Number of protein chains: 2
Amino acid sequence: LSYGVASNWHSIAIVGVGLIGGSVGLALRERGLARRIVGIGRRKEPLERAMHRGAVTETTLDLAGGVREAELVVVSRPVERIVEDVREAAAHCPATAVITDAGSTKRAIVEGLRDLRRDGAAFVGSHPMAGSQKSGVEHAAADLFSGRTTVITPDESTSAEAIRRVRGFWSALGANVVTLSPADHDEVVATISHLPHAVASILAASTPVEHLPLAATGWLDTTRVAAGDVDMWRQILQQNRECVLQSIHRFGKLLEGFVTALEQEDGEAIAEILAIGKQRRDALAD
Amino acid sequence: LSYGVASNWHSIAIVGVGLIGGSVGLALRERGLARRIVGIGRRKEPLERAMHRGAVTETTLDLAGGVREAELVVVSRPVERIVEDVREAAAHCPATAVITDAGSTKRAIVEGLRDLRRDGAAFVGSHPMAGSQKSGVEHAAADLFSGRTTVITPDESTSAEAIRRVRGFWSALGANVVTLSPADHDEVVATISHLPHAVASILAASTPVEHLPLAATGWLDTTRVAAGDVDMWRQILQQNRECVLQSIHRFGKLLEGFVTALEQEDGEAIAEILAIGKQRRDALAD
């Protein structure tokens with residue numbers, strides 16, 4: 001099994017070793033793709049757990065020192081922290097390095113990094129669409145990205161070489177890499193991920209506690225993502241607020257139509273909405 | 001393994017051998033609880049599939065003939081058909097028989113059967129909360145009810161003996177049997193099952209087709225139930241319309257609050273809604 005020359009690294013730095021960062025480390029190690037994997041964090045304890053799980057080969061609390069020899073830096077932090085940490089990584093890593101992230105929003109991040117000095121390390125935005133309602137390195141998995149989509153979001157200023165290297169990196173972890181503009185990415189994930197999260201949370205929050213004992217698979221499936229980390233999702237929803245509001249608006253219009261149909265006992269209109277939903281859902285597997 | 005004398009039957013009739021009716025038959029046979037299991041339907045083909053799967057021991061298109069010797073009749077039909085079929089079963093089964101159903105709504109059904117003659121077979125409403133987005137006897141399973149809740153909904157006119165027999169029946173299939181009034185049942189399942197179904201359908205229907213290729217586990221989980229049978233769910237939502245509208249209203253209020261919080265960039269208010277949703281979801285397992 002060969003991933004080509006470009007997919008083998010001497011040193012990779014991972015800033016933030018939670019579910020995603022930890023899974024990147026585990027995948028690199030399992031596939032034998034990097035000799036050094038430096039786990040960088042703000043607190044000792046998660047770094048120790050990442051080391052214990054074998055997701056990294058060394059750890060440090062010092063971002064500047066940790067990225068000094070990195071050929072590739074993956075910033076896997078809450079979206080509000082990404083711009084800052086990429087800037088710090090860029091200031092201290094080799095000028096030949098490439099930096100990417102794993103944030104669920106892209107426009108604010110890519111725009112926030114547009115003025116990154118051109119003669120230094122390149123940044124290419126990434127979003128591995130392989131999350132979970134669980135967080136932390138204890139839920140990390142070497143196959144998290146395998147067979148799933150990772151979106152990369154270069155803009156007009158990104159070099160072909162940087163794109164090639166970041167694409168090669170995610171491909172080496174088994175991901176299907178798709179390229180979108182930052183704006184297109186944010187619009188698509190608003191409907192495909194951020195709206196479902198908001199709806200699931202609101203659905204769970206609107207359920208009276210005393211009804212919970214009767215919850216069966218339908219409620220459990222529909223609300224599953226509401227168990228996700230609150231602050232992580234608060235940041236994502238706020239950062240992609242315009243697209244999320246558009247998606248909610250579209251959802252709200254259909255909800256209003258459904259209420260009217262139900263109030264007027266218009267069976268045909270109810271069935272029509274259910275049929276469109278079924279058609280969309282049946283287009284994908286279980 | 002003994003389920004007691006009351007849980008062993010000579011002859012049980014199942015009207016409608018789809019996912020639920022078929023699973024009742026499979027569970028009865030696997031547990032050796034009934035000698036004769038008569039599958040009754042309106043079309044030959046599903047009956048043949050039920051026979052082929054071993055869910056019934058004989059089949060007939062003639063409801064009157066099929067229930068003639070039944071000690072217990074389970075009417076597992078779309079909710080709009082249940083009252084009619086229970087009446088027909090009651091008119092032809094032994095006066096000592098007990099009849100139950102498996103409908104997802106209870107008030108309309110129990111009220112629709114209140115005038116059933118008192119000197120004949122007794123009816124006790126049931127709702128095994130063990131559905132699936134899949135339908136048909138090919139997805140039936142002997143363990144579908146095992147460890148899951150079945151709600152039974154006797155009213156003030158139901159005899160203790162009939163309640164005991166229907167409770168014993170579902171218990172014998174492995175279900176945890178809970179008793180609720182028909183009105184309480186409908187209110188609880190509106191929030192715990194019918195609202196999630198409506199929300200999942202609307203969410204799926206509001207997703208632009210061109211965004212579907214990027215759908216990941218979040219969208220798939222949140223919309224899973226939208227794949228359910230359209231007419232079955234149209235009937236359920238219409239029959240429980242008042243409670244469903246109340247649930248949608250509660251959901252809609254929270255959705256409005258969320259939109260306002262997002263528009264005003266009120267991070268605390270967003271986090272509060274997400275936190276309540278997470279708290280509700282975390283109260284239950286995966």
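Across which strands of chain A does helix α1 (residues 19-30) lie? In this predicted model, helix α1 of chain A lies across β1 (9-15) and β2 of chain A, and the helix runs at about 165 degrees to β1(A).

## The six-stranded sheet of chain A

The strands beneath that helix belong to an open sheet of six strands in chain A, whose order is β3-β2-β1-β4-β5-β6 and whose pairing is parallel. The edges of the sheet are formed by β3 (58-60) and β6 (122-124) of chain A, each of which pairs on one side only. From one strand to the next, the twist averages 20 degrees. In general, strands of a sheet pair through backbone hydrogen bonds, either parallel or antiparallel.

At the β3 edge, strand β2 (residues 34-40) of chain A pairs with β3(A) in the parallel sense over three bridges, and within this pairing A:V38 stands opposite A:E58 of β3(A). Helix α6 (residues 160-172) of chain A also packs on the sheet, where it touches β1, β4 (72-75), β5 (98-101) and β6 of chain A, and its direction makes about 55 degrees with that of β5(A).

## A second parallel pair in chain A

Helix α6 of chain A has a further place in the fold, since β8(A), α6(A) and β9(A) make a right-handed β-α-β unit. The two strands of this unit, β8 (residues 149-152) and β9 (residues 176-179) of chain A, pair in the parallel sense over four bridges, with A:T150 standing opposite A:V177 in β9(A).

## Strand β2 of chain B and its neighbours

In chain B, strand β2 (residues 34-40) has five of its seven residues buried, and it is therefore largely enclosed by the rest of the structure. One of its partners is strand β1 (residues 9-15) of chain B, with which β2(B) pairs in the parallel sense over six bridges; in this pairing B:I12 stands opposite B:I37 of β2(B). Between these strands the chain passes from β1(B) through helix α1 (residues 19-30) of chain B to β2(B), in a β-α-β crossover that is right-handed.

Strand β2(B) is also joined by three bridges to strand β3 (residues 58-60) of chain B, and the two run parallel. Here B:I40 has B:T60 in β3(B) as its bridge partner. The connection from β2(B) to β3(B) leads through helix α2 (residues 44-52) of chain B, and this β-α-β crossover is likewise right-handed.

## A buried loop residue in chain B

Residue B:A142 lies in the loop between β7 (126-128) and β8 (149-152) of chain B. With a relative accessible area of 14%, which falls under the 20% limit, B:A142 counts as buried. Leaving aside residues up to four places away in sequence, B:A142 touches B:S23, B:L26, B:A27 and B:E30. The C-alpha atoms of B:A142 and B:A55 are separated by 8.8 Å, although these residues are 87 residues apart along the chain.

## The interface of chains A and B

The contact between the two chains takes 79 residues from chain B and 79 residues from chain A. The area buried between chain B and chain A is about 7,500 Å², and carbon and sulfur atoms give 72% of this area.

Charged side chains also meet across the interface of chain B and chain A, where six salt bridges are found. One salt bridge is formed by B:D221 with A:R224, whose closest N and O atoms are 3.4 Å apart.

How values were computed. Residues numbered from 1 in each chain as written. Chains lettered and ligands numbered in written order. Predicted model: local features only at pLDDT ≥ 70, side-chain atom pairs only at ≥ 80, totals over all residues. Heavy atoms only, no water. Pairing = 2+ DSSP bridges. Axes fitted to C-alpha atoms, helices over the stretch in contact; angles between N-to-C directions. Contact = heavy atoms within 4.5 Å. Buried < 20%, exposed > 50% of the residue type's maximum accessible area, 1.4 Å probe, protein only. Right-handed = clockwise from strand over helix to strand, strands pointing away. Buried area = accessible area lost by both parts, 1.4 Å probe. Salt bridge = Lys/Arg side-chain N within 4 Å of Asp/Glu carboxyl O.
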